[in-house]
Amino acid sequence: MIRFLLRRLAFFVLTLFLTSLLIFALTRVLPGDVAQVILGREATDAALEATREELGLNEPLLVQYVDWAASFFTGDLGQTFSSPRRDINELLGARVLNSGRLAALTLLLAVPLAVTLGVVAGLSEGKFADGLISILSLSVVSLPEFVTGLFLINVVALGMRQLPIIQSLDWWFPASSSINPNATFSEALPFLWLPAITATLVLLAYVIRLVRAGVIEELKKDYVNTATLKGIPRRRVVFNHVLRNALIPTVTVIATSTGWLLSGLVVIEFVFNYPGLGRLLIFAINNRDLPLVQAIVMVTVVIILIANFTADILYAVLNPRIKLA
Amino acid sequence: MDNIQRIVQGVLRFIRQLFGDPQTAVGTTIVLLFLFLAFFGNALAPYGANETGDIPVSAAPSTQHPFGTDTLGRDVFSRVMIGTSSIFQKAGLGTLLAVLIGTVIGLYIGYQGGWIDEATSRVIDALLAMPALLLALVILGVIRNLSLEQGSLQFLLARNSVLLVIAVVYVPIVARVVRSSTLEIKTREFVQAARIRGESLGYILFREIFPSVVPTLVVEASLRFSYAIFLVAALGFLGIGANPPTPDWGLMVEEARGGNYNIAPWALNFPAAAIALLVVGVNLMSDGIKNIVQKSE
Amino acid sequence: MSVLKAENVGISYKVNKQWIGAVREFGITVEPGEIYGIVGESGSGKSTIARGLIRYLPSNGRTEPGSRIEFLGEDISAAPPAQMRNIWGARMNLVPQNPMAALNPSIRIGKQIAELIGAHTDLSREAIMDRVIDGLERVNLADPEKLVERFPHEISGGQQQRVMIAMALSTSPKLLVLDEPTTALDVTTEAVILELVRDLIKEDETAAVYVTHNLGVVAQICDRVIVMYAGEIMADAPVYDLFYKPLHPYTIGLLNAIPQPGQTKRDRPLQTIPGRPPSLADLPQGCVYAPRCPLAIEICQTKPPLEAPEAGRLVRCHRWKELADGSINPRTVYATDEDAIITDTLDEEREPLLELDSLYKYFPTRRTVQDIIKGEKPSPVRAVDGVNMTVNRGRTYGLVGESGSGKTTLSKVVIGLFEKTGGEMILMGVELPAALRGRDRETLADLQMIFQNPQNSLNPYLTVGQSIRRPLMKLGGLSRTEAETEVRRLLKAVNLREEYATRYPNELSGGEKQRVAIARAFASNPMLILADEPVSALDVSVQSAVLNLLARLQKDRDAAYIFISHDLSVVSYLADYIAVMYLGHLVEVGEAQELHQPPLHPYTEALVSAIPIPDPARREDPVLLNENIPSARDIPSGCRFHTRCPRKIGAICETDAPPWRADGEGHYIRCHIPIDELIEAQRKTLPEVEHS
C-alpha cells in the first residue's frame with residue numbers, strides 16, 4: 001500500500017511539475033515579450049521596462065521559473081496586472097468557492113442520474129430502454145453548453161417569468177445573477193441551479209456512455225455465467241456480481257469528468273455571467289492579465305490532478321486485483 | 001497493384017456500410033451536406049457575409065431571408081452558409097493534423113517502449129491534465145496579443161491559430177490511443193516475424209503495425225472531429241477563436257445573445273441549430289463507424 | 001432412474017438474421033456415477049450441447065421445438081429461467097474451462113462458494129462456512145481457513161480450478177457438466193485434476209458430462225463417449241469399444257492422427273484426415289463427414305441414420321458393418337503420407353550448427369520497498385539460467401517443460417527477439433550477435449521461427465503471397481518475378497494450391513494459416529527453425545498433417561529444428577533429441593525414444609507419467625507433483641526441483657547442486673541419484689511402451 005501510494009504520489013508531483021513547465025512556457029516564453037503583451041502595442045518603453053522589472057522578466061528563464069513556481073507553492077500568487085490591482089489569492093478564493101459550489105451541485109445531480117441511466121442502458125442493451133437513453137444522451141451530447149445554457153435562460157427563465165404562476169416563484173428566478181460573495185449555499189442556490197443543469201447535461205452523456213460500456217463489458221464475462229448458474233435471482237447476479245465490478249471504474253470516470261466539467265464551466269459561467277473561476281479566466285485573457293491567467297490555470301490543474309490522484313487511490317482500494325503491498 | 005485495388009474496394013465497402021444502417025446514413029448525409037457547403041457555401045450564399053446595404057435590420061425569417069437578418073442587417077442564412085467553411089477548416093483540418101502527428105508519435109513510442117515511451121507518456125499525461133478548452137484559451141489568448149510582421153511565418157501560423165490549437169490539444173489524445181493499440185499489436189507474432197527478418201523501423205511501423213491501427217484510428221478521428229467542432233464553436237462564442245465580423249457560428253451566437261435576442265432571436269437560433277445539427281451528424285456517423293469497425297473485428 | 005436423458009435435441013444460433021443449427025438430433029442418457037465424454041474438434045458443437053443440456057444458452061441461441069431433455073424424470077427442454085434457477089446450483093452444476101474468468105475477481109473465494117450453498121439451503125452462516133471449508137478440503141486444497149479469505153487472482157490456475165470443482169460439488173448435485181476443465185492447465189496439473197474429478201464423481205455417485213477435445217483425457221476418465229462432428233453424433237460407445245473397436249471412419253481418423261506413447265516419426269508417419277470441417281451454414285448433403293471420408297461412396301450422398309450395431313452403441317455411418325466384420329481394416333482407411341517417411345538414422349553423426357555455452361537471460365524486476373529499505377538490488381527473473389546445448393544440422397531438438405520453465409525465453413534469445421544477459425551462442429563456428437540489428441543478412445536468413453498462434457502469425461492486411469514474398473526478396477535477394485515463382489513452389493511444398501497466394505489470412509483455416517507460416521519460415525532457406533508450440537492451437541486432425549509436413553520439409557531441406565511443446569507425445573514423435581527444462585536450466589538431455597523408458601530425471605518422469613494416454617486400458621496412476629512451482633525470481637538452492645521432487649533423497653538435494661550423470665550413450669541426467677538406482681526405481685512405476 002505504501003509503495004503504491006508513493007508511486008502515485010510521485011506521478012502526481014511529476015505531472016504537476018511538467019504541467020507547470022508547460023504553463024510557464026505558454027505564458028512566459030511563447031509570447032516573446034511578456035511586457036508587450038500585457039501592456040499592448042502602444043506601450044511606452046519606460047512602462048515596458050517597469051513591467052519587466054516588476055515581473056522579473058529580465059532574469060534568466062530558469063530563475064524566472066523557479067521564482068514563479070516557488071511563489072505558487074508557497075501560496076503567494078501575487079497581484080493582478082489589470083487595474084484595479086488586487087491580490088490574486090483573495091480574488092481566487094471567492095471564485096474557487098463559487099465554481100466549487102456549482103461543480104458540487106452538478107456532480108450531485110449528474111452522477112447518480114448518469115450512473116442509473118448508464119446501468120439501465122447497459123442491462124437492456126439493444127432493447128427499447130437502451131435505445132431511448134442512447135437517443136437522449138446523443139441529443140444532449142450534440143448541444144454545446146452555450147446553446148443549452150442560452151436555451152435555459154431565454155426560454156425557461158425569461159419565458160417562465162412571464163407566466164403568472166411562476167411570478168410568485170421569484171426566488172427561483174432572480175432578476176440579476178450577482179451573488180453576494182458571502183452567500184450561504186442555500187442563498188446561492190437560485191443562481192446555481194440553471195447553470196448546474198446545463199453542466200449536468202454536458203456531463204450526463206459522457207458518464208452514461210462510459211457506465212453503459214462498462215456494464216456491457218462485465219455482462220459478457222464468464223463469472224456472470226457462474227453466478228447465474230448458481231441459481232440465484234437475476235437481480236442478485238446484477239447487484240452482487242456485475243455492478244460490483246462494473247462500477248469500480250466509474251470512480252475514475254467521475255475523476256476524469258472533473259476536468260471535463262471544469263472546462264465546461266468556463267463556457268457556462270460566461271453564458272450565465274456567473275462569478276466563478278471560468279469567467280475570471282476569460283476576463284483575465286481579455287485583459288491580458290498574464291499573472292492572473294497563470295494562477296487560474298495552475299489552480300485548475302491542481303484541482304484536476306488531486307481529483308485524479310484521489311480516484312487512483314479509491315480505485316485501488318475498491319479493486320482487490322490491484323496489489324497494494 | 002493489388003494493394004491499391006484492395007484499399008479502394010475497402011473504402012467503397014465502408015461507404016456502402018455507412019449507408020446500410022438508417023441512423024448512420026442520416027448522419028453521413030448531414031456531414032456530407034455540410035461538407036458541400038464548406039466548399040461551395042461562399043458561392044451559393046445569396047448575400048455576402050457582411051453585406052448590409054438595403055437589407056432590413058432584425059427582419060424575421062421570410063422567403064427573402066430564410067433565417068432572417070441580424071441586428072446589423074446581415075442575412076443570417078448567408079452567414080451560416082459561409083461560416084461552414086471556417087468550421088470545417090478549423091475543426092476538420094485541425095483534427096486531421098492531430099491524427100497525422102498523433103499517429104506517428106503513438107506508433108513510435110508504443111513500438112519502441114523503454115524510456116522514450118515513459119518520458120513521452122508522462123508529457124502526454126501532463127498535457128492531458130489540462131482540459132482542452134483551457135489549453136486552447138491560454139494559447140489563443142497569448143497569440144492574439146502578439147504583434148507579428150505581415151507575411152512572416154509566425155503571422156501565417158497565428159492566422160491559423162485555432163486550427164493549430166485544435167491539433168495541439170488533440171495530438172496527445174490521438175497519440176495515447178494509437179500507442180495503446182500499438183502496444184497490443186506489437187506483441188502479435190507477425191510483428192515478431194518481421195523483426196526476425198531484420199526489417200527496418202519504418203517498415204515495421206507503417207507496413208506491419210499501422211494497417212491494424214486504422215480501425216481504431218478511424219473511430220477516434222471521428223470522435224475527435226465532433227469534439228473539435230464543439231471546441232471551435234465554444235472558442236468563437238467566448239470571443240477568442242474568431243474576431244468580428246467573421247461569420248463564425250460560435251461568434252454569431254455570442255453576438256445575438258443578451259438584449260439582441262429579444263429583437264432578433266433567429267440570429268441566435270439558426271447558427272446554434274447549425275452547430276447542433278452538424279454535431280448530431282458527426283456523432284451519428286461516428287457511432288456507425290464504431291459499429292462497423294467492431295463488427296468487422 | 002437416469003439422471004439425464006436427452007432425445008432429439010437441436011440447438012440453433014441466430015447469426016446475421018439466420019438460424020443456424022449448431023447441434024442436431026442429439027441424444028444422451030447419463031446414469032449416476034457415470035462419466036460421459038463428449039469429444040470433438042472445434043466447431044463440432046460439443047460446448048454448445050453442454051450448455052444446451054443445462055439449458056443455459058447465449059441470448060442468440062435456442063433449443064429447437066421437439067427437443068426433449070429429461071432431468072431426473074422431468075422435461076426441462078422448455079423450462080423458463082425461473083424454473084431453471086431452482087435446478088441450477090442445487091442439482092446441476094457446471095465446471096467451465098477457464099477458472100480465472102469464471103470466478104468473480106472482486107469477491108473472496110469463501111464468499112463465492114457460500115453464495116451458492118446459501119441460495120439452496122437454509123443453513124446458518126456458520127454452517128455454510130463449515131461446508132465451504134469441508135468442500136475445499138475435499139479437493140485437497142491446503143489451509144482452507146486461510147484460502148476462503150483470498151481473492152481468485154491470488155492463487156494458481158490449478159488451485160482456482162479446484163475451487164471451481166469444490167463449488168460445483170458443494171451442493172451435492174445430481175449432474176455435473178465439465179467443459180474442458182483442464183485445457184488451460186499444465187499437463188502436471190491436469191493429471192492431478194483429472195484424478196481428483198474421477199475420484200470425487202465416483203464417490204458422490206454424480207452423473208457427469210465431460211466435454212473435451214483430447215482423446216487422451218477421454219481414455220483416462222470417461223466411461224462412455226460420444227464423438228461429435230459438425231453438430232451431429234458420429235458415434236456413441238463405451239470407452240473401450242470406442243478405442244478398440246471403432247466403427248466410424250471419423251473416430252478412426254482421430255485415433256490414428258495422434259501419436260501413441262513411444263511412437264516416433266521414424267516408426268511411421270501419422271495418418272491425416274484430408275480437408276476441413278464444413279461450415280454449419282453450408283452443410284453437405286447426406287453424411288456431413290463424407291467430403292473428408294476416404295470410405296465415402298455413392299450412398300454417402302444420403303444422410304446415414306444413427307444405428308445401433310449392438311446394445312449400448314450407436315454409429316452414424318453407412319459402412320459400419322464392413323468395419324465391424326473386419327472387411328475394412330481400420331489401419332488402412334487413411335492413406336499414409338509416403339513423403340513423410342523418414343529413413344535415415346540417428347547413427348550418422350552430423351556437424352554442430354548452433355552451440356549454446358552457459359547462456360543466461362535475466363529480466364530485471366522493479367524494486368520493492370523492502371529492497372530499498374534493505375538497500376538490496378531486486379532479484380531478477382532468471383528465465384534462462386545457464387543453458388549449455390548443441391544443435392546439430394538437420395536434427396530436431398524437442399524442448400519440454402511446464403509453463404514458466406524458460407523454454408520460450410530460450411528460443412527468443414537465440415532468434416534475437418531478446419538479448420542474452422550472458423553466455424555465448426556460436427552459429428556454425430561464428431559468434432552469433434545477441435541483437436537482431438547486429439546480425440547480417442545471411443545470419444537472419446539462417447534462423448527462422450514458427451509461432452504458436454496461427455491467428456496472429458500472419459499480418460491480416462497482407463495476402464499470403466505478400467507474406468511469403470517478403471523474406472524471399474529481403475533475405476533471399478530474389479527479384480520480384482523470381483520471388484513470385486518461388487512463392488508458388490513454397491505453397492506447393494506445404495500442400496496449398498497456387499491461388500492461395502492472393503488470399504488474405506481471414507479466408508484461411510487455422511491449419512492453412514500455419515502452413516503459410518511454415519512456408520514463410522522456409523522462404524529464406526534457413527539452417528535452423530525455432531518452432532514454439534506450432535501445433536498446440538490446432539485441432540487433432542490438422543495437427544498430424546502439420547507434424548508430417550514439418551518432418552518432410554526437414555528431410556528435403558536439411559534444416560534443424562528446436563521444437564518447443566508442452567505436449568510430450570507430440571515432442572517425442574517429432575524430435576530426435578529431447579531437452580527437459582526446469583526453472584531456467586536443463587535437467588535432462590537425451591534421444592527422444594529414451595523418453596519413455598528408465599532412467600529419467602524425476603521431473604521428466606512426472607511429466608511423462610502425466611500425459612493422458614489415449615488408451616483406456618492404461619489408466620496408471622501418474623506421479624503427482626504439487627503445483628507450487630517456485631518463482632524464477634527465487635530459485636531453490638541445491639537441486640532446483642527438490643521442493644517438488646517425489647524422489648528426493650535427503651538434505652543433499654537441498655544444499656548441493658546435482659551433477660550431470662551420463663549413461664554412456666549420450667543420455668544425461670542432472671540428479672543426485674545414480675543412474676542405476678534411477679533405473680531400478682523407475683522400472684516399477686513407468687508404464688511399458690510397445691514399439692510398433
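**Exercise 1. Work out which pattern chain B follows along its sequence.**

Solution. Keep in mind that you're looking at a predicted model.
- Step 1: count the elements. Chain B comes with twelve helices and zero strands.
- Step 2: write them down in sequence order, and you get α-α-α-α-α-α-α-α-α-α-α-α.

**Exercise 2. Find how far the C-alpha trace of chain B spans along its principal axes, and what share of its residues count as buried.**

Solution.
- Step 1: lay the C-alpha trace along its principal axes and read off about 75 × 50 × 30 Å.
- Step 2: check burial, where the cut-off is under 20% relative accessible area. Of the 297 residues in chain B, 55% make that cut.
- Step 3: turn to the contacts. Take those with a separation of 6 or more; 71% of them in chain B join residues 24 or more positions apart.

**Exercise 3. Describe the exposed area and the charges of chain B.**

Solution.
- Step 1: chain B exposes about 12800 Å², and carbon and sulfur atoms supply 63% of that.
- Step 2: tally the charged side chains. Chain B has 20 positive and 20 negative ones.
- Step 3: locate the centre of each set; these two centres sit 6 Å apart.

**Exercise 4. Now hop over to chain C: which residues form the negative surface patch, and which helix gives the most to it?**

Solution.
- Step 1: list the members: C:Glu126, C:Asp130, C:Asp134, C:Glu137 and C:Glu145.
- Step 2: look for the main contributor. Helix H5 of chain C, residues 125-138, gives the most, with four residues.
- Step 3: check one member by eye. C:Asp130 is found in helix H5 of chain C.

Methods: Residues numbered from 1 in each chain as written. Chains lettered and ligands numbered in written order. Predicted model: local features only at pLDDT ≥ 70, side-chain atom pairs only at ≥ 80, totals over all residues. Heavy atoms only, no water. Helix = DSSP H or I, 4+ residues; strand = E, 2+ residues; numbered from the N terminus. Buried < 20%, exposed > 50% of the residue type's maximum accessible area, 1.4 Å probe, protein only. Contact = heavy atoms within 4.5 Å. Areas by Shrake-Rupley, 256 points an atom, 1.4 Å probe, with all protein chains shown as cover. Lys, Arg positive; Asp, Glu negative; His and termini not counted. Charge placed at Lys NZ, Arg CZ, Asp CG, Glu CD. Patch = residues over 30% accessible without salt bridge, like charges linked within 9 Å, V, L, I, M, F, W, Y side chains within 5 Å. Salt bridge = Lys/Arg side-chain N within 4 Å of Asp/Glu carboxyl O.
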